[in-house]
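Good morning. I have one structure to go through today, so please look at the model on the screen while I talk.

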Amino acid sequence: MDTVSVRDLSVLAVIGVLDWERDIEQSLVFSVDMIPATTDVRKAAASDDLADALDYSAVAATIAAVVREGRFQLIETAAERVAERLLADYRLTWLRLEVRKPIANGYTAVITIERTSELR
């Protein structure tokens with residue numbers, strides 16, 4: 001099975017539970033690995049046509065839109081909503097999504113989830 005990935009997508013968003021976090025934008029960094037319903041990229045490679053491929057630019061735009069609109073408190077919620085939207089909008093059978101939130105104290109909070117679709 002082939003995967004299509006988007007790595008290190010930085011999105012400014014309102015994220016956090018503390019009062020001051022609700023008044024600023026912070027950077028979240030997304031990486032996602034996806035298995036398209038076709039399970040391989042040979043058709044896209046043979047045709048060299050974006051219509052036969054999983055459009056990673058569209059995936060990146062979807063991630064950014066969900067996060068910017070969400071104004072979530074938890075990165076867990078951001079991860080879950082992004083995964084739900086990607087599975088709903090693209091023909092995916094599986095995805096692994098990582099969300100990183102750099103923290104000013106010198107560490108990074110990370111959540112990684114895996115989800116599957118009912119597509120077969």
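I start with arginine 71, which sits in the loop between α2 and α3. Keep in mind that this is a predicted model. What is the sign of phi at arginine 71? Phi there is positive, about 50 degrees, although arginine 71 is not a glycine. Is arginine 71 buried, partly exposed or exposed? Its relative accessible area is 45%, so arginine 71 is partly exposed. In the chain, arginine 71 follows α2, and that helix is my next stop.

Helix α2 covers residues 56-70, which makes 15 residues. How far apart should its ends be? At 1.5 Å a residue, the helix should span 21 Å. The C-alpha atoms at its two ends are 21 Å apart, so the model agrees with the expected value.

Now the side of α2 that is covered. Which residues of α2 are buried? They are Val59, Ala60, Thr62, Ile63, Ala64, Val66 and Val67. And what do those buried residues pack against? Their partners are strand β1, residues 4-13, strand β2, residues 26-36, and helix α3, residues 75-89.

Let us go to the other end of the helix. Aspartate 55 lies in the loop between α1, residues 42-47, and α2. With a relative accessible area of 27%, aspartate 55 counts as partly exposed. Where does its side chain reach? It reaches the backbone nitrogen of serine 57, at 3.0 Å. This polar contact is at the start of α2, and the atom that aspartate 55 contributes is a side-chain oxygen.

From aspartate 55 we can cross to strand β1. Aspartate 55 and valine 4 are 51 residues apart along the chain, yet their C-alpha atoms are separated by 9.1 Å. Valine 4 belongs to strand β1. Why does valine 4 count as buried? Its relative accessibility is 14%, and the cut-off for buried is under 20%. Which residues does valine 4 touch, once its neighbours within four places in sequence are left aside? The contacts are Val32, Asp33, Met34, Pro36, Val41 and Leu54. Take valine 32 from that list. Valine 32 is 28 residues from valine 4 in sequence, while the two C-alpha atoms are 8.3 Å apart in space.

Strand β1 also holds aspartate 8. Phi of aspartate 8 is positive as well, near 55 degrees, and this residue is something other than glycine.

Next, strand β2, where glutamine 26 is found. Is glutamine 26 buried or exposed? Its relative accessibility is 11%, so glutamine 26 counts as buried. The side chain of glutamine 26 reaches the backbone oxygen of isoleucine 15 at 2.8 Å. Leaving aside neighbours within four places in sequence, glutamine 26 is in contact with Val11, Leu12, Ala13, Ile15, Glu21 and Lys101.

Those are the details. Now let us step back to the chain as a whole. How many helices and strands does the chain have? There are three helices and four strands. Read from the N terminus, their order is β-β-α-α-α-β-β.

The C-alpha trace spans about 50 × 25 × 25 Å along its principal axes. The chain has 120 residues, and 40% of them count as buried. What share of the contacts between residues at least 6 apart in sequence joins residues at least 24 apart? The share is 62%. The pair of valine 4 and valine 32, 28 residues apart, is one you have already seen.

Two last items concern the surface and the charges. The protein chain exposes about 7000 Å², and carbon and sulfur atoms supply 49% of that area. As for charges, there are 14 positive and 20 negative side chains. The centres of those two sets lie 2 Å apart.

To close, go back to helix α2 on the screen and follow the chain through it. Before it comes aspartate 55, with its side chain on the backbone nitrogen of serine 57. After it comes arginine 71, with its positive phi. That is the end of my part.

Terms used. Residues numbered from 1 in each chain as written. Predicted model: local features only at pLDDT ≥ 70, side-chain atom pairs only at ≥ 80, totals over all residues. Heavy atoms only, no water. Expected span 1.5 Å × (residues − 1). Buried < 20%, exposed > 50% of the residue type's maximum accessible area, 1.4 Å probe, protein only. Contact = heavy atoms within 4.5 Å. Polar contact = N/O pair within 3.5 Å; in protein donor to acceptor, adjacent residues only side chain to side chain. Areas by Shrake-Rupley, 256 points an atom, 1.4 Å probe, with all protein chains shown as cover. Lys, Arg positive; Asp, Glu negative; His and termini not counted. Charge placed at Lys NZ, Arg CZ, Asp CG, Glu CD.
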